[in-house]
Amino acid sequence: MRARLVEGARAHAAVMDLAALLVGAPPVQISALSSSLSNELRPPLSSVKMAVQTLAKNPGHSERDQRRLTIANREIRTMERMLWLLSEYGRDTPPLLETLPLK
């Protein structure tokens, strides 16, 4: 994961190891992080999706470029599913309580 750190007027990028950050983190923190990541990644992915779909509508592409756009669309759908799963993990849901017989 990259984080942008701003010092004065200069921005710096740093690579952070999420696994190291989350070791021992309570589920609430992990849930909040997954929700936040999902919300941050969705808008840029939508922009990429719209650009790829717009390019795919142009009939002037070679067969090779058309295949590349098809692959890009498929990978975008994969990322959308991953973001949906991430957002579902971050969703606050009430616990499901069941009554079970004691034996």
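**Exercise 1.** Is R67 buried, partly exposed or exposed, and what is its relative accessible area?

*Solution.* Keep in mind that we're working with a predicted model here.
- Step 1: R67 has a relative accessible area of 47%.
- Step 2: The exposed class starts over 50%, and buried means under 20%.
- Step 3: R67 therefore goes down as partly exposed.

**Exercise 2.** Find the salt-bridge partner of R67 and work out how the two sit in the helix.

*Solution.*
- Step 1: The partner is E63, with 3.6 Å between the closest N and O atoms.
- Step 2: That passes, because the cut-off is within 4 Å.
- Step 3: E63 and R67 are 4 residues apart in helix α3, so about one helical turn separates them.
- Step 4: Now look at the surface: E63 is exposed, at 61% relative accessible area, while R67 is partly exposed, at 47%.

**Exercise 3.** Do the matching job for D65: which residue does D65 pair with, and where do the two lie?

*Solution.*
- Step 1: D65 makes a salt bridge with R68, and their closest N and O atoms are 3.4 Å apart.
- Step 2: Both sit in helix α3, with a spacing of 3 residues, about one turn of the helix.
- Step 3: D65 comes out as partly exposed at 30% relative accessibility, and R68 is partly exposed too, at 47%.

**Exercise 4.** Take the salt bridge between K49 and E80 and say which parts of the chain the pair ties together.

*Solution.*
- Step 1: The N to O distance for K49 and E80 is 3.0 Å.
- Step 2: K49 belongs to helix α2 (residues 27-56) and E80 to helix α3 (residues 63-90), so the pair links parts that are 31 residues apart in sequence.
- Step 3: On accessibility, K49 is partly exposed at 25%, and E80 is partly exposed at 26%.
- Step 4: As a check on the tally, the salt-bridge count comes to 3.

**Exercise 5.** Now use I30 and Y89: how far apart are their C-alpha atoms?

*Solution.*
- Step 1: I30 is in helix α2, and I30 is partly exposed, with a relative accessible area of 23%.
- Step 2: Along the chain, I30 and Y89 are 59 residues apart.
- Step 3: In space, 8.9 Å separates their C-alpha atoms.

**Exercise 6.** Where is confidence lowest in the protein chain, and where is it highest?

*Solution.*
- Step 1: Start with the whole chain: the mean pLDDT is 79, and 69% of residues reach 70 or more.
- Step 2: The low end is strand β1 (residues 2-7), with a mean of 50.
- Step 3: The high end is α3, at 90.
- Step 4: Link this back to the salt bridges: E63 and R67 sit in helix α3, as do D65 and R68.

Definitions and conventions: Residues numbered from 1 in each chain as written. Predicted model: local features only at pLDDT ≥ 70, side-chain atom pairs only at ≥ 80, totals over all residues. Heavy atoms only, no water. Salt bridge = Lys/Arg side-chain N within 4 Å of Asp/Glu carboxyl O. Buried < 20%, exposed > 50% of the residue type's maximum accessible area, 1.4 Å probe, protein only. pLDDT = per-residue confidence, 0-100.
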